[in-house]
Amino acid sequence: MNSDKKKPLISDSLATVESKGLGSADADNHNDRITRFGILKHRSKQQENFLWTLAKFKENYPKDIQDDESTKALKAAQKLQGCGNFLLFKNFYTIEQVKLVKFQVCNQHLLCPFCAAIRASRSVERYVKRVDQLLKENKKLKPVLITLTVKNGTDLKERFEHLTNSFKTLLSRRRDYLKKGRGFNQFCKIEGAFYSSEYTYNPKTKEWHPHIHIFGLIEQWIDQEELAETWHEITGDSYIVDVRRVKKEKGLGYAKGVSEVFKYALKFGDLSVENTWEAFKILKGKRLTGSFGLLHGVKLPENLADDVSSTEDLPYLEMLYKFVFAKKSYYDLVITRHVEPKSKDDEKDEAIASDIPARGCGARRGRKKQHWQVPPITRVRVRKRIRRWDGFMCVLHI
């Protein structure tokens, strides 16, 4: 286990989020999607195993350091332990779509690649729709991808604050120009954008490389040299700026450019589990994404599962996958069940039956007992019965 936790998965497997992979409901891509989920969950399990080693109190540490470090690691490990263990899919075979409908997440996207990938995939879907809508409404708008960097450093917290404060200054200058008409710079040409910050690590120099990716919509082309001068004036240590046009790809549209922004904030494939944990403690709770202008106000769905509202009347195969942790981890299909949609007549019969009072042997009359009147042992039994799924005990949360 020790040798496994030291070696992160290759960057190609984890560094990018493809909208056609994690977020696709096409039946042809289902196997690829399951394979990617297995890779992501494997890395998450590696991180969890490392955190369990930190959760043990060490006699050589002072008591205050012991408690703080051990408690944080224990809580994070417990959340990772239940994340993505089971995946419930519905295979709508009549329309050749397989949709992920139930799963448990830990919502630690800076620590868990599985949660980061799901979150990024949903972000790409929402913003691609918004970008397509704006480009149809205004033919003059052109999508661009902008990258802003600051000088590398060994102190991640200091570099994060420097990058964040510099970018806030750039945004405030754009805001002042739009409201007061003063202080124009090339960044003011952006009509709307969304952005995210990313932090990579160089093990040779032991330095962090912070930068911001911006997907923007412009009518007039941005002069890269002038923007670099403005950025260097603000940061005092960096003039590296990149501006490039985003091309529309067949079958994907602008999804590839959008996904470039919503890559992981931390490249798990290039980080050891130790560095990932240190970065998590520093960046947890910090705002790493945002939007402004025409692209402001795009909200992500609270439910990260696939949308099945348009397929309620279709038959499907219910497929339950269980994660198997091994040298090459994978998701194993453990249960398959065929489900036919209920007809309106069946729903009416169920509604009528529920209104008819119970009769016969063992039937109780009168009011239903309140929850405080039911013994605790009975409540536990009922709760377990509700969570039972075809004789297989599992907990599935959205």
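## Cysteines without bridges

A disulfide here is a pair of cysteine sulfur atoms within 2.5 Å. By that yardstick, this predicted model holds 0 disulfides. Cysteine 83 is in none, although the sulfur of cysteine 115, the nearest cysteine sulfur to its own, sits 3.5 Å away. Cysteine 115 turns up again for cysteine 112: its sulfur is the closest cysteine sulfur to that of cysteine 112, but at 3.8 Å it is too far for a bond.

How accessible are these two unpaired residues? Cysteine 83 has 0% relative accessibility, so it counts as buried. Cysteine 112 also comes out at 0% relative accessibility and therefore counts as buried.

## The chain overall, and how far to trust it

The protein chain has 11 helices and 11 strands. Of its 398 residues, 45% are buried. If you look at contacts with a separation of 6 or more, 73% of them join residues 24 or more positions apart.

On confidence, the mean pLDDT of the chain is 82, with 77% of the residues reaching 70 or more. Two stretches deserve a separate mention. Over residues 358–363 pLDDT stays under 50, and the model gives that stretch 2 contacts beyond four places in sequence. Residues 389–398 also stay under 50, yet here the model has 27 contacts beyond four places in sequence.

## Helix α3 and its two partners

Two packed helices are described by the angle between their axes and the distance between the axes. Take α3 (residues 30–54) and α5 (residues 113–137): they pack at about 135°, with their axes 7 Å apart. Angles over 145 degrees would count as roughly antiparallel, so this pair is classed as oblique. On the α3 side the contact uses Arg33, Phe37, Leu40, Arg43 and Ser44, while α5 brings Pro113, Phe114, Ala117, Ile118 and Arg122. Sorted by type, the residues of this contact are 6 nonpolar, 1 polar and 3 charged.

The other pairing is with helix α9 (residues 273–283), where the angle is about 80° and the axes lie 10 Å apart. That makes α3 and α9 roughly perpendicular to each other. Here Arg43, Gln46, Gln47, Phe50, Leu51 and Leu54 of α3 meet Val273, Glu274, Thr276 and Trp277 of α9. The split for this contact is 5 nonpolar, 3 polar and 2 charged. Arg43 is worth a click in your viewer: this α3 residue is listed in the contact with α5 and again in the one with α9.

## Serine 123, on helix α5

Back on α5, we find serine 123. Is this residue buried or exposed? With a relative accessibility of 4%, serine 123 counts as buried. Setting aside neighbours within four places in sequence, serine 123 is in contact with Phe262 and Leu300.

## Arginine 173, on helix α6

Arginine 173 belongs to helix α6, which covers residues 156–180. Its relative accessible area is 26%, so arginine 173 is partly exposed.

Which residues does arginine 173 touch, not counting those up to four places away in sequence? They are Gly183, Asn185, Cys188, Thr230, Glu233 and Ile234. There is also a C-alpha distance to note: arginine 173 and phenylalanine 187 are 14 residues apart along the chain, and their C-alpha atoms are separated by 8.7 Å.

Note on methods: Residues numbered from 1 in each chain as written. Predicted model: local features only at pLDDT ≥ 70, side-chain atom pairs only at ≥ 80, totals over all residues. Heavy atoms only, no water. Axes fitted to C-alpha atoms, helices over the stretch in contact; angles between N-to-C directions. Helix = DSSP H or I, 4+ residues; strand = E, 2+ residues; numbered from the N terminus. Parallel < 35°, antiparallel > 145°, perpendicular 65-115°, else oblique. Contact = heavy atoms within 4.5 Å. Nonpolar A, V, L, I, M, F, W, Y, C, P; charged D, E, K, R; others polar. pLDDT = per-residue confidence, 0-100. Buried < 20%, exposed > 50% of the residue type's maximum accessible area, 1.4 Å probe, protein only.
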